[in-house]
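Here is a short report on a protein model, written for reading beside the coordinates. Keep the structure open and follow the residues by name.

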Amino acid sequence: MQKHSQKEHLYKLLVIGDLGVGKTSIIKRYVHQNFSPHYRATIGVDFALKVLSWDAETVVRLQLWDIAGQERFGNMTRVYYREAMGAFIVFDVTRPATFEAVTKWKEDLDSKLVLPNGKPVPTVLLANKCDQGIDVLMNNGIKMDQFCKENGFVGWFETSAKENININEASRCLVKHIIDSESDPVQSVEPDIIKPHLNSSKIVSCSACFKS
Amino acid sequence: SIQHVYGAQHPPFDPLLHGTLIKPGSKPPATPVKLKKVSTFQEFESNTSDAWDLGDDDDELLAIAAENLNTEVVMETAHKVIQNHSKLQEQHKFQEEHLQEEKQVGSAELTSVPCGDNRLVKSVSEGHTSSSSDNVSESSSMQRSQSLPQTSTPPLVSGMADYNTSVTPALTEREASRLDKFKQLLAGPNTDLEELRKLSWSGIPKRVRPIAWKLLSGYLPANVDRRESTLKRKRKEYFAFVEQYYDSRNDENHQDTYRQIHIDIPRMSPEVLRLQPKVTEIFERILFIWAIRHPASGYVQGINDLVTPFFVVFVCEYIEEEEVENFDVSSLPEEVLQNIEADSYWCMSKLLDGIQDNYTFAQPGIQKKVKMLEELVSRIDEQVHRHLDQHEVKYLQFAFRWMNNLLMREVPLHCTIRLWDTYQVSTFLHFH
């Protein structure tokens with residue numbers, strides 16, 4: 001761990017999804033290692049910073065943008081999305097309507113934000129509040145895998161901010177995809193290669209993201 | 001050259017009329033200044049604190065302000081604020097700006113910020129008789145504020161604590177005379193609303209605040225004889241709405257609204273209030289009825305915070321000397337609670353009438369106000385503006401909530417309440 005050999009990455013990550021799904025809770029758990037059932041509703045956007053020792057040579061700083069979930073604020077998202085490198089889209093497993101909104105959030109994201117190489121930003125889907133035992137959607141992991149492929153997510157995780165389940169894992173998955181996409185500059189200079197489902201080939205290669 | 005510092009006044013000072021436009025280049029150099037010279041600050045404060053009372057005669061006020069200001073002290077305090085509150089600076093200035101009705105003022109106006117804070121503290125204790133009891137109640141309320149999960153609160157509050165020691169008996173006397181003025185004005189038979197606005201601009205004593213707010217918002221008529229019947233009628237009207245609409249909260253077309261409110265109420269501040277089931281019920285009803293009756297905006301997050309100041313102030317009408325945040329609301333008689341609920345609903349409605357485009361599609365009101373803030377900062381503190389610009393920080397990224405929640409999230413509740421004394425004078429639209 002010599003100073004001169006350390007690399008530093010700074011990534012802006014978005015955390016989006018319907019109101020009350022637990023975006024703020026996930027971030028507080030991830031960054032401050034605590035949980036409260038009484039975080040106040042996010043208005044506009046809040047920020048948090050997480051520093052990861054990625055490996056012996058690499059430090060990753062994550063700037064987490066906690067974006068308000070209410071639809072009325074949707075017009076502001078363009079300002080908040082700019083220059084993000086990755087995103088989490090969160091839904092609440094106890095409220096099916098929040099899962100239905102996931103595709104809406106993904107479309108909003110992809111329509112307003114692309115990487116410099118023209119590709120959509122790597123996005124991980126979080127099925128939060130999995131501790132609640134009202135697991136209406138998760139009984140079929142294969143369906144979720146399918147859903148992710150069809151909608152361009154690089155992976156999905158059942159998470160619980162309350163019980164600290166899978167949040168670190170989800171973050172590592174997202175960061176790995178960001179680093180991979182950064183060290184993959186060939187495609188960016190050859191636009192011909194870019195296809196709508198380019199990410200799907202990567203999904204298979206990341207075993208961490210998909211539980212079998 | 002000496003920059004003037006103007007205390008809050010009504011009507012607000014217009015530098016265009018007084019020919020004191022400030023050059024943007026007159027900013028102090030950014031050298032760090034230690035906090036040690038408290039006496040200098042006190043000197044400055046005593047020179048300017050009386051500015052808050054004047055207002056009967058603007059020219060007189062301006063003359064005094066110009067005479068008493070010591071440039072060194074002004075600059076030093078400005079540095080202190082810049083150094084120690086670099087983040088808060090924006091907010092402070094913003095509030096101060098609004099107190100001055102968005103007129104162009106120089107960098108020296110930063111110095112009036114601590115003075116303004118101090119005033120906010122004092123106004124909370126109005127109605128107390130001895131200054132020692134003031135200090136006790138203030139320090140306890142401050143500790144609570146510090147425990148709020150807001151990054152911005154502690155520096156602001158500790159700043160107030162520093163200056164708190166300068167409360168003098170003379171001010172208490174002054175406050176007593178202010179209270180008398182208010183009482184006379186409110187006694188009728190017809191309250192002169194213009195006079196009430198003038199007086200309220202620099203803060204309303206706690207004891208008369210409930211009735212003053214009801215008058216300023218237009219909820220109560222100026223004529224004393226008509227007040228009681230108006231209250232009766234409006235309270236009846238509100239509960240007729242509740243009867244008519246509240247059962248529909250689980251209907252298909254309303255359940256989304258109700259669910260959002262229901263999710264948000266446990267997430268509002270202050271913490272102690274929201275943990276009381278009685279308060280939760282009342283807030284849910286107020287917000288749901290308002291949302292149903294205002295479909296153009298519906299319920300938007302942040303509106304829930306706007307009920308709180310009204311509710312807290314109106315509860316104060318029925319309790320003695322107690323801190324509302326620690327008060328068990330359910331100990332009030334049912335009828336009293338209903339009155340508080342209806343009054344809060346109507347006053348909040350009046351407030352929202354003036355700022356409804358804050359909450360309609362795309363929130364044009366807020367977009368406009370954030371834009372105004374940006375223009376304002378670019379004019380009065382180009383350095384800050386440039387800094388934000390260089391780091392590609394957009395004003396919408398940090399100032400959105402200031403506007404959306406009318407600063408409810410940025411300052412302790414008792415400061416918001418004091419700010420609202422002033423806001424109500426020239427309608428909220430002007431400020432936010």
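Buried means under 20% relative accessible area, exposed means over 50%, and partly exposed covers what lies in between. By that cut-off A:Asp18 is buried, because its relative accessible area is 18%. The model is a predicted one.

**Chain A in outline**

Chain A has seven helices and six strands. Their order from the N terminus is β-α-β-β-α-β-α-β-α-β-α-α-α. The chain has 212 residues, and 54% of them count as buried.

A nonpolar patch sits on the surface. A:Leu10, A:Leu49 and A:Val51 make this patch, which covers about 280 Å². A:Leu49 belongs to strand β2, residues 45–55 of chain A. Its relative accessible area is 45%, so A:Leu49 is partly exposed.

**Salt bridges**

Over all chains, the count of salt bridges is 22. Three of them are set out below.

| Pair | Closest N to O distance |
|---|---|
| A:Lys104 and A:Asp18 | 3.9 Å |
| A:Lys106 and A:Asp110 | 2.7 Å |
| B:Glu194 and B:Arg197 | 3.2 Å |

Take the salt bridge between A:Lys104 and A:Asp18. This pair links distant parts of the chain, 86 residues apart. A:Lys104 is in helix α3 (residues 96–112) of chain A, while A:Asp18 is in the loop between β1 (7–17) and α1 (23–32). A:Lys104 is partly exposed at 38% relative accessible area.

A:Lys106 and A:Asp110 share helix α3 of chain A. Four residues separate them, about one turn of the helix. A:Lys106 is buried, with a relative accessible area of 4%. A:Asp110 is partly exposed at 28%.

B:Glu194 and B:Arg197 are in helix α10, residues 193–200 of chain B. They are three residues apart, so about one helical turn separates them. Both partners are partly exposed: B:Glu194 has a relative accessible area of 42%, and B:Arg197 has 25%. Elsewhere in chain B, salt bridges with shared partners join B:Lys214, B:Arg235, B:Glu317 and B:Asp343 into one network.

**Aromatic pairs**

How many aromatic pairs does the structure hold over all chains? The total is 21. In one of them, the ring centres of B:Phe241 and B:Tyr345 are 6.4 Å apart. Their planes stand at 65 degrees, so the pair is edge-to-face. B:Phe241 lies in helix α12 (residues 224–245) of chain B, and B:Tyr345 lies in helix α17 (residues 334–354), so the pair ties together parts 104 residues apart in sequence. B:Phe241 and B:Tyr345 are both buried.

B:Tyr246 and B:Tyr258 form another edge-to-face pair, because their planes are at 80 degrees, with ring centres 6.3 Å apart. B:Tyr246 is in the loop between α12 and α13 (255–264) of chain B, and B:Tyr258 is in helix α13. The parts that this pair ties together are 12 residues apart in sequence. B:Tyr246 counts as buried at 10% relative accessibility. B:Tyr258 counts as buried at 12%.

Ring pairs also build a cluster. It links B:Tyr238, B:Phe239, B:Phe241, B:Tyr245, B:Tyr345 and B:Trp346.

**Helix α21 and the loop before it**

Helix α21 spans residues 413–423 of chain B and includes B:Thr422. B:Asp421 is in helix α21 too. B:Thr422 is buried at 0% relative accessible area, and B:Asp421 is likewise buried at 0%.

Each side chain has a backbone contact. A polar atom of the B:Thr422 side chain lies 2.6 Å from the backbone oxygen of B:Trp201. The B:Asp421 side chain reaches the backbone nitrogen of B:Ile204 at 2.9 Å.

B:Leu406 sits in the loop between α20 (395–404) and α21 of chain B. B:Leu406 is buried, with 0% relative accessible area. Its C-alpha atom is 28 Å from that of B:Asp192, 214 residues away along the chain.

**Cysteines**

How many disulfides does a search of the whole structure find over all chains? The result is zero. Why does A:Cys130 lack a bond to the closest cysteine sulfur? That sulfur is in A:Cys148, 15 Å from the sulfur of A:Cys130, which is too far for a bond. A disulfide needs two cysteine sulfur atoms within 2.5 Å. A:Cys130 counts as buried at 18% relative accessibility. B:Cys415 counts as buried at 1%.

Technical notes
Residues are numbered from 1 along each chain as its sequence is written. Chains are lettered from A and ligands numbered from 1 in the order in which they are written. This is a predicted model: local features need pLDDT of at least 70, side-chain atom pairs count only at pLDDT 80 or more; totals for chains, interfaces and linings use all residues. Side-chain values use heavy atoms; hydrogens and water are left out. Patches are made of residues with over 30% relative accessible area and no salt bridge: like charges are joined within 9 Å, nonpolar side chains (Val, Leu, Ile, Met, Phe, Trp, Tyr) within 5 Å. Accessible areas come from the Shrake-Rupley method with a 1.4 Å probe; for residues, only the protein chains shown count as cover. A salt bridge is a side-chain nitrogen of Lys or Arg within 4 Å of a carboxyl oxygen of Asp or Glu. Helices (H or I, at least four residues) and strands (E, at least two) are DSSP runs, numbered from the N terminus. Buried means under 20% relative accessible area, exposed over 50%, partly exposed in between (1.4 Å probe, protein chains only). A polar contact is a pair of N or O atoms within 3.5 Å; within protein, one must be able to donate a hydrogen and the other to accept it, and residues adjacent in sequence count only if both atoms are side-chain atoms. Rings of Phe, Tyr and Trp (its six-membered ring) pair if their centres lie within 6.5 Å; planes under 30 degrees apart count as stacked, over 60 as edge-to-face and the rest as tilted.
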